[in-house]
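Reader: I am in my first year and still learning to read a model like this one. Could you pick a single part, look at it closely, and then connect it with the rest of the chain?

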Amino acid sequence: MTDIDGSKSVGALDRIEEIIAYVEQAKAVPMSRACKVDRAEMIAMLEELQNELPGDLRRAEAMLQERDKIIDAGEREAERIIAEGETEHARLVSRHEITVSAEHEGNRIIAEARGEAQRLRDEVDEYVDTTLANFEQFLHRALSGVERGRDKMHTLREIGTFAPSPQEPMEEEKPLPQL
């Protein structure tokens, strides 16, 4: 660590390592696991550690608070992104459902229109067929009348007179139908 003035600062962990190294280098008491350390020096080192710990703890606590703020901000951002994603998903699903519904309705209307057009074609075909059949009958009658008239004319020509014979009654002429 470096202090504000640029000098090398020793942190609490460094102090603990110094104390451990000091105890490891202390002279051992014969026939025991104990060692000899200078009490005043050890107390001074522990007091320095004690003085540094509150500052390090405050810095650590501040770092934890900052970390918590960053995590909270990240979670809020994630929730916002998820909410936007869900909203967009719902909008797209809704748009898709509207599109599908419109396509189904359009297909239904087209099928209905095709059915109606076929029904009208069938009606028109039947009307035209009936009208042509009636016209055909009329033409057959007219043609038959023309053939009879020609036959009569040929017969009268062969006889030499165009006057109808008294035994044949004259057919009543029917007016031609209006088309």
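Author: Leaving aside its neighbours within four places in sequence, Lys36 is in contact with Ala26, Lys27 and Val29, where contact means heavy atoms within 4.5 Å. The model is a predicted one, in which local features need pLDDT of at least 70 and side-chain atom pairs count only at pLDDT 80 or more, while totals for chains, interfaces and linings use all residues. Residues are numbered from 1 along each chain as its sequence is written, and side-chain values use heavy atoms, with hydrogens and water left out.

Lys36 belongs to strand E2, which covers residues 35-36; strands are DSSP runs of E with at least two residues, helices are runs of H or I with at least four, and both are numbered from the N terminus. Lys36 counts as exposed because its relative accessibility is 60%, given that exposed means over 50% relative accessible area, buried under 20%, and partly exposed in between, with a 1.4 Å probe and protein chains only. From C-alpha to C-alpha, Lys36 and Gln25 are 9.6 Å apart in space, although 11 residues separate them in sequence.

The loop between strand E1 (27-28) and E2 holds Met31, a residue that is not a glycine and yet has a positive phi of about 65 degrees. With a relative accessible area of 86%, Met31 is exposed.

Stepping back to the chain, one finds two helices and two strands, and these elements run α-β-β-α from the N terminus on. Of the 179 residues in the chain, 8% are buried.

In helix H1 (residues 12-25), Arg15 and Glu18 are three residues apart, which means that about one helical turn separates them. These two form a salt bridge whose closest N and O atoms are 3.5 Å apart; a salt bridge is a side-chain nitrogen of Lys or Arg within 4 Å of a carboxyl oxygen of Asp or Glu. Arg15 is buried at a relative accessible area of 17%, whereas Glu18, at 35%, is partly exposed. Side chains of opposite charge can pair when their charged atoms come close.

Helix H2 (residues 39-159) offers further examples. Arg80 and Glu84 lie there four residues apart, about one turn of the helix, and their side chains meet in a salt bridge of 2.4 Å from N to O. Glu105 and Arg108, also in helix H2, are three residues apart and so about one helical turn from each other, and salt bridges that share partners join Arg15, Glu18, Glu48 and Glu52 into one network. The structure holds 11 salt bridges.

Helix H2 also includes Val128, which is partly exposed at 38% relative accessibility. Val128 joins Val124, Tyr127 and Leu132 in a nonpolar surface patch, with about 410 Å² of accessible area together. Patches are made of residues with over 30% relative accessible area and no salt bridge, nonpolar side chains (Val, Leu, Ile, Met, Phe, Trp, Tyr) being joined within 5 Å and like charges within 9 Å. Accessible areas come from the Shrake-Rupley method with a 1.4 Å probe, and for residues only the protein chains shown count as cover.
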